[in-house]
Amino acid sequence: MNSEWIRNLPKAELHLHIEGSLEPELMFSLAARNQIALPYASVEEVRAAYAFTNLQSFLDIYYAGAGVLWTEQDFFDLTWAYLERAHADGVVHAEIFFDPQTHTDRGVAFEPVVTGIHQALQQAQERWGMTSGLILCFLRHLSEEAALQTLQQALPFRDWIVGVGLDSSEIGHPPEKFARVFAQAEAEGFLKVAHAGEEGPSEYIWSALDVLGVARIDHGVRSEEDPDLMKRLATERVPLTVCPLSNTKLCVFGSMREHNLRRLLESGLCVTVNSDDPAYFGGYVAANYEAVAEALSLGTDHLAELARNSFRASFLPASEKSRRLAEVEAFVQGGGGNTSG
Ligand code: HPA
Ligand code: ZN
């Protein structure tokens with residue numbers, strides 16, 4: 001597969017944890033700036049520690065890494081570094097997650113976190129016309145009460161946050177644990193998504209839809225275990241934000257060849273491709289498209305459909321979706337060679 005074609009294909013990224021875009025090099029420079037000791041001697045040693053066996057083994061290292069982030073400037077630098085890579089990968093619209101509780105529980109205030117991220121998103125819009133949305137994720141291993149408090153902290157920044165999500169350790173923390181917080185978030189006008197069916201059972205996908213009322217499912221790869229659920233997801237075109245390199249790194253699938261993305265797509269589901277935590281899983285969004293193209297023998301028709309789905313599944317207004325879908329068509333019909341990128 002031509003990697004330049006994949007990079008130039010206009011696409012949206014809908015499943016990206018900004019804390020998961022912290023590259024080891026930036027981790028070291030922020031640690032130095034904030035005078036924080038890291039338990040690693042070098043960038044190579046950090047990368048060597050990224051040998052995960054499941055979701056929790058990753059989360060332990062991911063939360064520790066986020067400990068270098070303290071100031072508004074740190075959050076700006078983190079977000080800007082991601083946006084430059086996303087822009088280089090053909091991302092023209094990004095809906096990114098942040099985990100405020102990871103920071104507020106360490107004594108960092110909500111305001112510098114959200115302000116630093118927001119300023120970088122604004123700069124990407126001004127510089128490249130890249131559009132974006134910011135999604136606040138509640139940590140599901142913490143209590144519903146803590147999530148309710150976090151929602152309150154977000155209200156002064158209502159205009160900067162498009163929606164709420166649910167992430168962290170899935171098994172044992174079903175979506176219904178957060179029924180009240182999602183109902184309150186909806187009443188405040190936030191859109192809703194949730195991680196479900198990554199490691200957790202397909203029942204969690206049902207309850208994310210029926211109890212939380214989410215518009216998209218993050219991951220959702222275990223939906224295949226339930227034919228009735230597959231039917232519903234196809235009929236209602238509920239988007240799945242699939243993250244192939246994440247799934248193989250966290251051993252959800254034994255190898256990329258065993259990934260079910262192609263079957264999900266060919267079953268009529270609105271599948272999208274995303275990078276999740278690219279600094280930890282070995283690649284940004286274009287690398288994820290390349291990995292599935294190669295392992296699952298996807299051609300340009302499949303890849304263009306994945307890109308179209310990324311805009312269809314986005315929280316963009318209808319007119320913007322149409323404009324971006326037309327850009328995909330122009331790219332595909334032009335043979336992918338004549339765009340200015
Ligand atoms: N799953 C759950 N929580 C997360 C993830 C993920 O893939 N990445 C960051 N937090
Ligand atoms: Zn995720």
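Four donors count as tetrahedral if all angles lie between 85 and 135 degrees; four count as square planar and six as octahedral if opposite donors are over 155 degrees apart and all others between 65 and 115; anything else is irregular. Donors are N, O and S atoms within 2.8 Å of the metal (3.2 Å for Na, K and Ca), and because water is not among the atoms, sites may look incomplete.

This is a predicted model, in which local features need pLDDT of at least 70, side-chain atom pairs count only at pLDDT 80 or more, and totals for chains, interfaces and linings use all residues. Residues are numbered from 1 along each chain as its sequence is written, chains are lettered from A and ligands numbered from 1 in the order in which they are written, and side-chain values use heavy atoms, with hydrogens and water left out.

**Exercise 1. The zinc site**

Task: Find which protein atoms are donors of the zinc ion (ligand 2), and state what the angles make of the site.

Solution.
- Start with the donors. They are H15 (NE2), H17 (NE2), H195 (NE2) and D276 (OD), at 2.0 to 2.2 Å from the zinc ion (ligand 2).
- Next, read the spacing along the chain. It is H-x1-H-x177-H-x80-D.
- Place two of the donors. H17 lies in the loop between β1 (11-13) and α2 (24-33), and D276 in the loop between β8 (270-273) and α14 (278-281), so the pair ties together parts that are 259 residues apart in sequence. Helices (H or I, at least four residues) and strands (E, at least two) are DSSP runs, numbered from the N terminus.
- Check the cover. Both H17 and D276 are buried. Buried means under 20% relative accessible area, exposed over 50%, partly exposed in between (1.4 Å probe, protein chains only).
- Finish with the angles. Among the 4 donor atoms they run from 81 to 174°, and the site is irregular.

**Exercise 2. Salt bridges**

Task: Take the bridges R262 with E266, R308 with E329 and E327 with R324, and say how the partners of each are placed along the chain.

Solution.
- Fix the term. A salt bridge is a side-chain nitrogen of Lys or Arg within 4 Å of a carboxyl oxygen of Asp or Glu. The structure holds 19 salt bridges.
- R262 and E266 have their closest N and O atoms 3.0 Å apart. They sit 4 residues apart in helix α13 (residues 261-266), so about one helical turn separates them. R262 is partly exposed at 26% relative accessibility.
- R308 and E329 meet at 2.8 Å, N to O. This pair links distant parts of the chain, with R308 in helix α16 (residues 300-312) and E329 in helix α17 (residues 318-333), 21 residues apart. R308 is buried at 16%, whereas E329 is partly exposed at 26%.
- E327 and R324 come to 3.1 Å between their closest N and O atoms. They are 3 residues apart in helix α17, so they too are separated by about one helical turn. E327 is partly exposed at 27%, but R324 is buried at 4%.
- Last, look for shared partners. E305, R308, R312 and E329 are joined into one network.

**Exercise 3. Strand β2 and the core**

Task: Work out how β2 is covered, which strands pair with β2, and where F98 fits in.

Solution.
- Cover: 7 of the 8 residues of strand β2 (residues 91-98) are buried.
- Pairing: β1 and β2 run parallel, joined by 3 bridges. β2 also pairs in the parallel sense with strand β3 (residues 131-139), over 6 bridges. Two strands pair if DSSP finds at least two bridges between them.
- Opposite residues: E13 faces A94 in β2, and F98 stands opposite L136 in β3.
- Core: the largest nonpolar core has 107 residues, and F98, I161 and Y280 touch the most other members. Such a core is a set of buried Ala, Val, Leu, Ile, Met, Phe, Trp, Tyr and Cys residues joined through side-chain atoms within 4.5 Å.
- Neighbours: not counting residues up to four places away in sequence, I161 touches F98, F110, V114, L134, L136, A154 and F190. Contact means heavy atoms within 4.5 Å.

**Exercise 4. A buried threonine**

Task: Locate T272 and list its contacts.

Solution.
- T272 is in strand β8.
- Its relative accessibility is 0%, so T272 counts as buried.
- Leaving aside neighbours within four places in sequence, T272 is in contact with L14, L240, T241, V242, N309, S310 and A313.
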